[in-house]
Amino acid sequence: MQKAFNIKAREFDLEATMYSGQTSQPPWHKNGKYYSELLIIDNKPSLVTIKQEDNKLHVKIESPEKVPLSEVKEKLNHIFDLKFDIEGFYDFLSSYPPLDSIVDYSRGLRLFLAKDIFECIISSITSANCSIKRWTKAIDNMKRLWGQKYTFSKGTFYSFPAPDVLANLDDDSLRLAGVGYRAKYIRKTSKRITRIKLDVMDYDEAFHLLLKFPGIGPKVADCILLYGFRKLEAFPVDVWIKKIMEHFFSVDDRHLRDFAREEFGEYAGYVQLYLYDYARKSGIFGGV
DNA sequence: TACCAGGTCGTAT
DNA sequence: ATACGACATGGT
């Protein structure tokens, strides 16, 4: 089946979102202005290709079986958080004195949410003490080495391997993907993670549960909750966030997470996204 | 060539 | 609770 349609995408910058380094997944496969990725729609592997034009997203879908277009649309709305009232967020930021100008820097940037929650968990673990370039490549390696292979007219794509596949590899094999010492964290967490139900938990409960898994500390837990489960009060604190927060506020590093949730509430995740983008790209700390 | 990377873990205080 | 070194290895 091959179909094409459009969806509305206001206040959205696809390219900025795609390359903003969020640990949900690597950027999609780029071909000119088109981005393609394998998505599981209605349990059917489908190749989805998108292109942004003004306030629209052009969508093409190729699938061996018929898939409901409403579900493709829903999935894309979810992944790019297109239903989020981003203007409400802009209003919040622009009336918040220390941060009132950072909006202009990243307008259109939205959450890049997980297409596969397990991929997001492993991406987040792999990203620790690792460059964005390297962890995104490692995830692509894992897909190519151990994922399921699907061939479409546009080329070959791989799914991210299931938890039991990674759980049953030994550490030396896992290292072939380039994950280094994180191999044992990935293997052990893969073995246990399948049994948990984070989606029905509230933020606090899920956060403390995640901390019990090897390779998951506070920063990675917040990435999983924000980019994986869309817990908007999550505020991942990394080296860039520490620098930029120190620039704007006078709060001890160790209390940044609590401070942010109290100060920004349901906007904490988006504030983090915009601060991170600003810190890396503004050049005030040396740039990306 | 060294040095760094969207931190976490284990150990010592 | 807080501090600090080790950690694999690709990228530059």
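Is Lys 44 buried, partly exposed or exposed? At 16% relative accessibility, Lys 44 counts as buried, where buried means under 20% relative accessible area, exposed means over 50% and partly exposed lies in between, taken with a 1.4 Å probe on protein chains only.

Before going on, some housekeeping. This is a predicted model, in which local features need pLDDT of at least 70 and side-chain atom pairs count only at pLDDT 80 or more, while totals for chains, interfaces and linings use all residues. Residues are numbered from 1 along each chain as its sequence is written, chains are lettered from A and ligands numbered from 1 in the order in which they are written, and side-chain values use heavy atoms, with hydrogens and water left out.

Back to Lys 44. Lys 44 sits in strand β4, residues 44-53; strands here are DSSP runs of E with at least two residues, helices are runs of H or I with at least four, and both are numbered from the N terminus. Beyond its neighbours within four places in sequence, Lys 44 is in contact with Leu 39, Ser 63, Glu 65, Lys 66 and Val 67, contact being heavy atoms within 4.5 Å. The side chain of Lys 44 also forms a salt bridge with that of Asp 42, at 2.8 Å from N to O. A salt bridge is a side-chain nitrogen of Lys or Arg within 4 Å of a carboxyl oxygen of Asp or Glu. Asp 42 itself is partly exposed, at 33% relative accessibility.

By that rule the count comes to 13 salt bridges. One of them joins the side chains of Glu 37 and Lys 115, at 3.9 Å from N to O. That pair links distant parts of the chain, 78 residues apart: Glu 37 is in strand β3 (34-41), and Lys 115 is in the loop between α4 (103-106) and α5. Lys 115 also pairs with Glu 119, at 2.7 Å. What about burial? Glu 37 is buried at 2%, Lys 115 is buried at 16%, and Glu 119 is buried at 0%. These three belong to a network of salt bridges that also includes Asp 140 and Lys 143.

Now the DNA. Which residues are closest to DNA strand B? Ser 131, Ile 132, Tyr 181, Asp 238 and Gln 272 are the closest of the 26 residues that surround the strand, counting a residue as near if one of its heavy atoms lies within 4 Å. Sugar and phosphate make up 60% of the strand B atoms that come within 4 Å of the protein. The 26 residues divide into 15 nonpolar, nine polar and two charged.

As for individual atoms, a backbone N or O atom of Gly 21 lies 2.6 Å from a base nitrogen of strand B. A polar side-chain atom of Asn 129 lies 3.4 Å from a base nitrogen, and a backbone N or O atom of Gly 217 lies 2.9 Å from a phosphate oxygen. The elements giving two or more residues to this surface are α11 (218-228), α12 (239-248) and α14 (268-281).

α11 gives the most, with four residues. α11 is also mostly covered, with nine of its 11 residues buried. Among the elements covering those buried residues are α5 (117-126), α10 (203-210), α13 (256-264) and α14. Just after α11, Arg 230 takes a positive phi of about 55°.

Key
A polar contact is a pair of N or O atoms within 3.5 Å; within protein, one must be able to donate a hydrogen and the other to accept it, and residues adjacent in sequence count only if both atoms are side-chain atoms. Ala, Val, Leu, Ile, Met, Phe, Trp, Tyr, Cys and Pro count as nonpolar, Asp, Glu, Lys and Arg as charged, and the others, Gly among them, as polar.
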